[in-house]
Amino acid sequence: MQEGYEVITVEDGKQAVEAARRHRFDFIITDLVMPELSGWEILRYARQMHPQPRVVIMTAHGEEDTRDVAIQRGAWAYVENLISST
């Protein structure tokens, strides 16, 4: 714990939902493309939680309109990896 924040990490979307059932999160930072459940499914689940955590979606697989879709679906922020590996 640093600066008053506790960070919990998980390996996949299914574990993310399980962690969200056990803990109250202020923020959820999720990749869009993950095993088991996608970031879209994590966002949908988080929108049903009370109180709702702020969800930040990150991806290296974004399309032109992915940011707009993320915000329309209720994401608090969207981060796209713009660094090319080539």
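This dialogue walks through aromatic contacts, surface patches and salt bridges in a predicted model.

Reader: Let us begin with aromatic contacts. How many aromatic pairs are there?

Author: The count comes to one aromatic pair.

Reader: How is such a pair described, and what are the values here for Phe 27 and Trp 76?

Author: A pair of aromatic rings is described by the distance of the centres and the angle of the planes. For Phe 27 and Trp 76, the ring centres are 5.3 Å apart and the planes stand at 70 degrees. Planes over 60 degrees apart count as edge-to-face, so this pair is edge-to-face.

Reader: Which parts of the chain does the pair tie together?

Author: Phe 27 belongs to strand β1, residues 27-31. Trp 76 sits in the loop between α3 (66-72) and β3. The pair therefore ties together parts that are 49 residues apart in sequence.

Reader: Is Phe 27 buried or exposed?

Author: Buried means under 20% relative accessible area, and exposed means over 50%. Phe 27 has 36% relative accessibility, so it counts as partly exposed.

Reader: Now the nonpolar surface. Which residues form the nonpolar patch?

Author: Phe 27, Ile 29, Met 58, Trp 76 and Val 79 form it. Together they have about 500 Å² of accessible area. Both rings of the aromatic pair, Phe 27 and Trp 76, belong to this patch. Ile 29 also lies in strand β1. Ile 29 is exposed, because its relative accessible area is 60%.

Reader: And charge? Which residues form the negative surface patch?

Author: The negative patch is made of Glu 63, Glu 64, Asp 65 and Glu 80.

Reader: Where does Glu 80 lie?

Author: Glu 80 is in strand β3, which covers residues 77-80. At 30% relative accessibility, Glu 80 counts as partly exposed.

Reader: Next, salt bridges. How many does the structure hold?

Author: It holds two salt bridges. The cut-off to keep in mind is a side-chain nitrogen within 4 Å of a carboxyl oxygen. Arg 24 bridges to Asp 26, with the closest N and O atoms 3.0 Å apart. Arg 67 and Asp 68 meet in a salt bridge at 3.4 Å, N to O.

Reader: How exposed are Arg 24 and Asp 26?

Author: Arg 24 is exposed, with a relative accessible area of 57%. Asp 26 is partly exposed, at 47%.

Reader: And Arg 67 and Asp 68: what class do they fall in?

Author: Arg 67 counts as partly exposed, at 47% relative accessibility. Asp 68 counts as partly exposed too, at 42%.

Key: Residues are numbered from 1 along each chain as its sequence is written. This is a predicted model: local features need pLDDT of at least 70, side-chain atom pairs count only at pLDDT 80 or more; totals for chains, interfaces and linings use all residues. Side-chain values use heavy atoms; hydrogens and water are left out. Patches are made of residues with over 30% relative accessible area and no salt bridge: like charges are joined within 9 Å, nonpolar side chains (Val, Leu, Ile, Met, Phe, Trp, Tyr) within 5 Å. Accessible areas come from the Shrake-Rupley method with a 1.4 Å probe; for residues, only the protein chains shown count as cover. Lys and Arg count as positive and Asp and Glu as negative; His and the chain ends are not counted. The place of a charge is taken as NZ of Lys, CZ of Arg, CG of Asp or CD of Glu. Helices (H or I, at least four residues) and strands (E, at least two) are DSSP runs, numbered from the N terminus. Buried means under 20% relative accessible area, exposed over 50%, partly exposed in between (1.4 Å probe, protein chains only). Rings of Phe, Tyr and Trp (its six-membered ring) pair if their centres lie within 6.5 Å; planes under 30 degrees apart count as stacked, over 60 as edge-to-face and the rest as tilted.
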